[in-house]
Amino acid sequence: MHCQAGAWERVYNTGVSIAGQASGEQTTFPSGKAMQRFAILPNSPWLAAVTLCALAFLIRLVSIGLYPLQDTSEARYGEMARLMVETGDWITVWFDYNVPFWGKPPLFIWLSALSFKLFGINEFAARLPSLLVSIAILALTLKLALYQMGRSAGGLVLLILPSTAIFLALSGAILADPVSLLAITMMMTGFWIGWHEPCPLKARRWQYFFFIGCATGLLAKGLAVLVLAGLPIFFWCLPQRRLLTFWQTFPCIKGSLLTLLIAVPWYLAAEIKTPGFLYYFFIGEHFQRYLDSGWDGDQYGAAHIRPMGTIWLRWLQSCLPWSLVIVWLGFKCLKGSNRKPMTCWQAFLLLWLICPLVFFTFARNIIWTYALPVVPAMALLLADTWQNKWEGWPKRIIATAAITPVLMIGLTLFLMNGGGQKSQKQLMQVISRQAVSNPGILYLHGTPFSARFYSSGKAKEVSGAESLREKLQQAEKRYFLAAEDNEFDTLPPDIRSRFSEIARYRDWILYLENLCPHPTDDSDDISCQRMVDTISPTQKR
């Protein structure tokens, strides 16, 4: 089946949707002229929007390799991707050597590991997939805006989405959230265009795209993605027998089989390789984590216990500056006396915005990244509100949109100069500069993930004096020891005497094992002192 040339324009200008007719509703689209003129004229709002959007992503592209991976989350996932490359195991994600990671599906780890294979193991390669995924999210959101609203709304999306604080920040971070948002955006875009597209062939492609988005979600974060996208779709379909229309219009059986065909093989392979994964992942991570604030089954971290409703505060903070604009528009709408009826499109966007926040309202294990799924809906809602005022408001909107990229430059400079860093990269660089053959790297009472990443897995934990003494008996190695605050002072004197301080970084102190740990006469004491004196003053401070 093929769509004849000009068929879309005729249907588009009449404002009648085939899917809308099937469900008994009329859907009015904007004028077709807005979709026919895409030339970016000098001094036009579109030129400003494209320029600011490009600058925001350029800032992120330049910045992602300029500062170390941050403990704990970024460095943890970076180390998992490095282990995947080192071991060659692309089925099981490893939390540590011989310790499988069951907390999340592997899609975002796969992307970082593939990037490591292409560009080497470094910060830029680790973060690059999130940046590319964020660009794909923007492209899908722009497609939805142009399809439903037109060119002015598209320009607004280009301004609003990349300038939302959480979106721009996570576009350069090794986390599962950007890939999860890509899956959600795929599902929402595929659903809306697949429902309203008049050309049957194009509509069918978008409908299958919806199910591919479901599979992507299962490989990105599991059932949570299907819930976050499925809730707004379900509630939008409740009126006017739309659920029946969905079943009749979408290839639900074939699409579901396609979803399972893409996602299920990895789940089965992971369970076969490390039995117990399916129970922990589906029961523990999907239910106990959110329902039990004190869940002690978490094998990979600690629960973030917060009061119920914390997600709304996290959304207000992380989605600045536009979350404040949404709140202001909401109060303005409630106080207005001549409110217009909400269109189906506006209801769809509002449900997309509200449902994830309501879903997380009753969870107490909350982190700030849980607000990310609503960001495209925010951008589209503001675009729908402002599209008719686009020509009169660009300076005001552009000035607001410029705030976040400018702050990102400041944040990058802050992190480059050691501000707020939670990373062991500097200590690992000190170790690499020491002329020590066959070194061992030990961390007292816990090894940070960044130490494991930047030491290529050589950094190991010692839990106390006895385990440290056992390590020191291995004569073939000379050890570096890192300890936090005053932990070193808690060790027995005979062990402390075997080390000399060589560097400090924030709360961490790095020690190096002396060449002659058991001096027997004064000449041995003098030779040991000479060895310590060869260390640079800046390292000893």
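Where is the place of R506 in this chain? R506 sits in the loop between strand 6, residues 499–505, and strand 7, residues 508–513, and I start there since it shows the kind of local detail I would like to go through today. Please keep in mind throughout that what we have on the screen is a predicted model.

Staying with R506 for a moment, its phi is near 50°, which is a positive value in a residue other than glycine. The relative accessibility of R506 is 54%, so this residue counts as exposed, the cut-off being over 50%. There is a second case of this kind in R241, where phi is near 55°, again positive and again in a residue that is not glycine. R241 is found in the loop between helix 12, residues 223–237, and helix 13, residues 242–249, and with 61% relative accessibility R241 counts as exposed.

While we are on the backbone, let me turn to the cis peptide bonds. One of them joins D71 and T72, with omega at about 5°, and T72 has its place in the loop between helix 4 and helix 5. Another cis bond runs from L320 to P321, with omega near 0°, and here P321 lies in the loop between helix 16, residues 310–318, and helix 17, residues 322–335.

That brings me to helix 4 itself. At 1.5 Å a residue, the 19 residues of helix 4 should span 27 Å, and the C-alpha atoms at its ends are indeed 27 Å apart, so the expected and the computed values agree. The buried residues of helix 4 are P45, W46, A49, L52, C53, A56, F57, I59, R60 and S63. Around the axis these residues cover an arc of only 160°, and they therefore lie on the same side of helix 4.

Helix 4 also takes part in a feature of the surface. A nonpolar patch is formed there by L55, L58, L61, V62, L66, I409, L413 and M416, which together have about 680 Å² of accessible area. Two elements, helix 4 (45–63) and helix 21 (403–416), give two or more residues each to this patch. Which helix gives the most to the nonpolar patch? That is helix 4, with 4 residues, and V62 is among the patch residues found in helix 4.

For another helix with a buried face, please look at helix 22, residues 425–433, where L427, M428, V430 and I431 are buried. Seen down the axis of helix 22, these buried residues fall within an arc of 155°, so they line one face of the helix. The face of helix 22 that is turned away from this buried side carries S432 and R433, both of which are exposed.

Let me now come to the charged pairs. In general, side chains of opposite charge can pair when their charged atoms come close. How many salt bridges does the structure hold? The structure holds 11 of them, and I will go through three.

The first on my list is between E79 and R82, whose closest N and O atoms are 2.8 Å apart. Both residues lie in helix 5, residues 73–87, and they are 3 residues apart, which is about one turn of the helix. Are E79 and R82 buried or exposed? Both of them are buried.

Next comes the salt bridge of D494 with R469, where the closest N and O atoms are 3.0 Å apart. This pair links distant parts of the chain, with D494 in helix 25, residues 493–496, and R469 in helix 24, residues 465–472, at a separation of 25 residues. D494 has a relative accessible area of 40% and is partly exposed, while R469, at 23% relative accessibility, also counts as partly exposed.

The last pair brings together the side chains of E501 and R504, which meet in a salt bridge of 2.7 Å, N to O. E501 counts as partly exposed at 22% relative accessibility, and R504 is likewise partly exposed, with a relative accessible area of 38%. Beyond single pairs, there is also a network, in which salt bridges that share partners join E79, R82 and E86.

Key
Residues are numbered from 1 along each chain as its sequence is written. This is a predicted model: local features need pLDDT of at least 70, side-chain atom pairs count only at pLDDT 80 or more; totals for chains, interfaces and linings use all residues. Side-chain values use heavy atoms; hydrogens and water are left out. Patches are made of residues with over 30% relative accessible area and no salt bridge: like charges are joined within 9 Å, nonpolar side chains (Val, Leu, Ile, Met, Phe, Trp, Tyr) within 5 Å. Accessible areas come from the Shrake-Rupley method with a 1.4 Å probe; for residues, only the protein chains shown count as cover. A salt bridge is a side-chain nitrogen of Lys or Arg within 4 Å of a carboxyl oxygen of Asp or Glu. Buried means under 20% relative accessible area, exposed over 50%, partly exposed in between (1.4 Å probe, protein chains only). The arc is that of the directions from the helix axis to the C-beta atoms. The expected span of a helix is 1.5 Å times one less than its number of residues.
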